[in-house]
Amino acid sequence: FIPPDNIEEYSRIADKRLNLNPDELVFLFVGQHILQKNLKMLIYSLHHLKAMGVDFKMYFAGKGSSEKVLKELVTELVLEKNVYFLGMVLD
């Protein structure tokens, strides 16, 4: 829960931690990294966005049994500069 009077402060902290600019296109997935959630399709979609010249950052927060497969797909599709795996985020 973020108290309403601190939203801007929390945004600045998150932007600094993730090296984000306010005008960047950012995607976020929070949850278990399992194939049943169709995360491979999401990564292929990101590949198509990049091929179209769209600049973006994608963050995956969480862990799961398919994390290795997803990271390998990101590498295969040359998305390492766009897609980041944050692991478990508890704060």
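This is a short viewer tour of the model, stop by stop.

**Before you click**

What you have open is a predicted model, in which local features need pLDDT of at least 70, side-chain atom pairs count only at pLDDT 80 or more, and totals for chains, interfaces and linings use all residues. Residues are numbered from 1 along each chain as its sequence is written, and side-chain values use heavy atoms, with hydrogens and water left out.

**Stop 1: the whole chain**

Start with a cartoon view. You should find three helices and three strands, running α-β-α-β-α-β from the N terminus. Both kinds of element are DSSP runs numbered from the N terminus: helices are H or I with at least four residues, strands are E with at least two. The C-alpha trace spans about 40 × 30 × 15 Å along its principal axes. Of the 91 residues, 26% count as buried; buried means under 20% relative accessible area, exposed over 50%, and partly exposed in between, with a 1.4 Å probe and protein chains only. Among contacts with a separation of 6 or more, 75% come from residues 24 or more positions apart (contact means heavy atoms within 4.5 Å).

**Stop 2: the phenylalanine cluster**

Now select Phe29, Phe60 and Phe85, which ring pairs link into a cluster. Rings of Phe, Tyr and Trp (its six-membered ring) pair if their centres lie within 6.5 Å; planes under 30 degrees apart are stacked, over 60 edge-to-face, and the rest tilted. The structure holds four aromatic pairs. In one of them, the rings of Phe29 and Phe60 sit 5.8 Å apart at their centres with planes at 50°, so this pair is tilted. Phe29 belongs to strand E1 (residues 26-30) and Phe60 to strand E2 (residues 57-61), so the pair ties together parts 31 residues apart in sequence. Are these two rings' residues buried or exposed? Phe29 is buried at 16% relative accessibility, and Phe60 is buried at 0%.

Swing round to Phe60 and Phe85: this pair is stacked, 5.0 Å centre to centre with 10° between the planes. Phe85 is in strand E3 (residues 83-87), so its pairing with Phe60 in E2 joins parts 25 residues apart in sequence.

**Stop 3: H2 against H3**

Next, show helix H2 (residues 39-51) and helix H3 (residues 67-76), whose axes come within 10 Å and cross at roughly 15°. Axes here are lines fitted to C-alpha atoms, for helices over the stretch in contact, and angles run from 0 to 180 degrees between N-to-C directions. H2 and H3 are therefore roughly parallel (under 35 degrees; over 145 is roughly antiparallel, 65 to 115 roughly perpendicular, the rest oblique). Turn on side chains: Leu39, Lys40, Ile43 and Tyr44 of H2 meet Leu70, Leu73 and Val74 of H3.

**Stop 4: Ser66**

Step back to Ser66, in the loop between E2 and H3. Ser66 is buried, with a relative accessible area of 8%. Beyond its neighbours within four places in sequence, Ser66 is in contact with His33, Ile34 and Leu35.

**Stop 5: two positive phi values**

Most residues other than glycine have a negative phi. Pick Asn38, where phi is near 60°. Asn38 lies in the loop between E1 and H2 and is partly exposed at 40% relative accessibility. Finish at Val78, with a positive phi of about 55°. Val78 sits in the loop between H3 and E3 and is exposed, at 51% relative accessible area.
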